[in-house]
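Got your viewer open? Load the model and get ready to click along.

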Amino acid sequence: METNHKFHQETGFPWKHIWGLIASLVLTAIAFWLALATHQPPALVITVIVILGVGQLLVQLYMFMHFTESDDKAWQVPAIYFAIFIAFTVVAGSIWIMSFKALVA
């Protein structure tokens with residue numbers, strides 16, 4: 001039985017994955033350093049960490065999840081919207097739970 005999916009074979013050394021790993025580590029290190037080693041206002045720290053998180057998301061999608069390499073791109077847009085919905089739900093739910101605990105304690 002033949003399928004319509006084509007698998008992309010990587011040839012040579014996986015430089016794209018190495019650069020993705022380095023970019024991910026650098027973005028994480030910057031966020032970690034900003035949160036722990038600087039004395040910036042919390043609003044600025046949170047804003048920069050959110051921006052770095054969006055950058056991390058784009059690196060993950062492009063470098064590791066092969067977002068642009070699929071032959072069947074029709075399913076990718078709903079999948080991205082669903083992923084954004086899940087991420088928003090997790091983040092908003094976590095913030096809501098943390099703020100609720102602060103009111104109780």
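Here is a short tour, from the whole chain down to a handful of side chains.

A quick note before you click: this is a predicted model, where local features need pLDDT of at least 70, side-chain atom pairs count only at pLDDT 80 or more, and totals for chains, interfaces and linings use all residues. Numbering runs from 1 along each chain as its sequence is written, and side-chain values use heavy atoms, with hydrogens and water left out.

Start with a cartoon of everything. You'll get three helices and zero strands (DSSP runs of H or I, at least four residues, for helices, and of E, at least two, for strands, numbered from the N terminus).

Now select 17-36, 43-67 and 79-104, which an unreviewed UniProt entry annotates as "transmembrane region"; such annotations may be inferred rather than shown by experiment. Residues 17-36 are 100% helix, with end C-alpha atoms 28 Å apart. Residues 79-104 are also 100% helix, and there the end C-alpha atoms sit 37 Å apart.

Switch on the surface. About 8,900 Å² is exposed, 76% of it supplied by carbon and sulfur atoms (Shrake-Rupley, 1.4 Å probe). Of the 105 residues, 13% count as buried, meaning under 20% relative accessible area.

Next, show Leu27, Ala31, Leu52, Val59 and Met63 as sticks: this is the largest nonpolar core (buried Ala, Val, Leu, Ile, Met, Phe, Trp, Tyr and Cys residues joined through side-chain atoms within 4.5 Å). Helices α1 (15-37) and α2 (42-64) each give two or more residues to this core, and α2 has the largest share, three.

Last stop: which residues does Leu52 touch, not counting those up to four places away in sequence? Pick Leu27, Ile30 and Ala31.

Definitions and conventions. Buried means under 20% relative accessible area, exposed over 50%, partly exposed in between (1.4 Å probe, protein chains only). Contact means heavy atoms within 4.5 Å.
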